[in-house]
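Hi,

Here is the structure I promised to pass on. Have a look at it first, and my notes follow underneath.

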Amino acid sequence: MSAPRDRWLDRDAGPVVRPYAMTKGRTVPSSGSYVGLIDVVVAEAEHRLPPGLRLNPEHRRILIRCREPVTVVDLASGADLPVGVVRVLLSDLIQYGALRVLSTPPGPVTNERLLKDVLDGLQAL
């Protein structure tokens with residue numbers, strides 16, 4: 001009986017990498033590095049990573065996408081990664097000083113104009 005040959009290869013998607021492999025088994029962001037789903041992240045212009053630090057491909061992809069401000073959910077969608085994985089990787093980059101988080105203010109959104117625009121958009125569907 002032979003073992004399945006290409007167990008780590010999906011014919012349509014390519015190589016399969018489990019999310020926990022990208023985060024080294026971590027499932028929550030580092031302490032003090034909580035990033036909300038609609039928080040905006042942006043790369044620091046003059047960031048210097050610690051000497052000898054080797055970023056994995058996902059860290060590098062996130063840094064490239066953060067050259068322009070982007071929300072966490074948009075970043076996860078664009079990088080085609082689970083949002084939980086993106087939050088853990090973002091916490092690493094924040095600790096290295098490579099990213100800055102622009103947090104959204106807590107509390108409900110009460111902008112009537114925004115709510116009207118959303119309603120108009122939904123009705124247009």
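A question to start you off: which residue stands opposite V40 in β4? It is T71. Please keep in mind that this is a predicted model, so everything below is computed from predicted coordinates.

**The overall layout**

The chain has 125 residues, and 29% of them count as buried. Its secondary structure comes to 5 helices and 5 strands. Reading from the N terminus, you meet the elements in the order β-β-α-β-α-β-α-α-β-α. Among contacts with a separation of 6 or more, 74% are between residues 24 or more positions apart.

**The sheet**

Back to V40 and its neighbourhood. 3 strands make an open sheet, ordered β4-β3-β5, with antiparallel pairing. The edge strands are β4 and β5, each of which pairs on one side only.

On one side, strand β3 (residues 40–43) is joined to strand β4 (residues 70–71) by 2 bridges, and the two run antiparallel. That is where you find V40 opposite T71. On the other side, 4 bridges link β3 to strand β5 (residues 99–102), again antiparallel. If you want to trace that pairing by eye, look for A43 opposite L99, and for V42 with its bridge partner R100. As a reminder, strands of a sheet pair through backbone hydrogen bonds, either parallel or antiparallel.

The end of β5 is worth a click too. L102 is in strand β5 and counts as partly exposed, at 36% relative accessibility. L102 and V40 are 62 residues apart in sequence, yet their C-alpha atoms are 5.0 Å apart in space. Leaving aside neighbours within four places in sequence, L102 is in contact with D39 and V40. S103 sits in the loop between β5 and α5 (112–124). S103 is exposed, with a relative accessible area of 55%. From S103 to V40 the separation is 63 residues in sequence and 6.4 Å in space, C-alpha to C-alpha.

**Two crossing helices**

Next, the helices. How do α2 and α4 lie relative to each other, roughly parallel or roughly perpendicular? The axes of helix α2 (residues 57–65) and helix α4 (residues 83–95) come within 10 Å and cross at roughly 80°, so the two are roughly perpendicular to each other. From α2, the contact is made by E58, H59, I62 and L63, and from α4 by V86, L89, L90, D92 and L93. Sorted by class, this contact has 6 nonpolar, 1 polar and 2 charged residues.

I62 is a good residue to centre your view on. Apart from neighbours within four places in sequence, I62 is in contact with L75, V86, L89, L90 and L93.

**The core**

I62 turns up again in the largest nonpolar core. This core has 21 residues, and the ones touching the most other members are V41, I62, C66, L75, V86 and L90. At least two residues of this core come from each of β3, α2, α3 (72–79) and α4. Which element supplies the largest share? That is α4, with 5 residues. In soluble globular proteins, nonpolar side chains tend to be buried together.

**The loop between α3 and α4**

Last stop: two residues in one loop, D80 and L81. Both D80 and L81 lie in the loop between α3 and α4. Which of these is buried and which is exposed? D80 has a relative accessible area of 68%, over the 50% cut-off, so it is exposed. L81 has 11%, under the 20% cut-off, so it is buried.

D80 also has a positive phi of about 55°, although it is not a glycine. Most residues other than glycine have a negative phi.

As for L81, setting aside neighbours within four places in sequence, it is in contact with M22, E58, R61, A76 and V86. Of those, E58 is 23 residues from L81 in sequence and 8.8 Å away in space, C-alpha to C-alpha. You have met E58 and V86 already, in the contact of α2 with α4.

That's the tour. Shout if anything is unclear.

Cheers

Definitions and conventions
Residues numbered from 1 in each chain as written. Predicted model: local features only at pLDDT ≥ 70, side-chain atom pairs only at ≥ 80, totals over all residues. Heavy atoms only, no water. Pairing = 2+ DSSP bridges. Axes fitted to C-alpha atoms, helices over the stretch in contact; angles between N-to-C directions. Parallel < 35°, antiparallel > 145°, perpendicular 65-115°, else oblique. Contact = heavy atoms within 4.5 Å. Nonpolar A, V, L, I, M, F, W, Y, C, P; charged D, E, K, R; others polar. Core = buried A, V, L, I, M, F, W, Y, C linked by side-chain atoms within 4.5 Å. Buried < 20%, exposed > 50% of the residue type's maximum accessible area, 1.4 Å probe, protein only.
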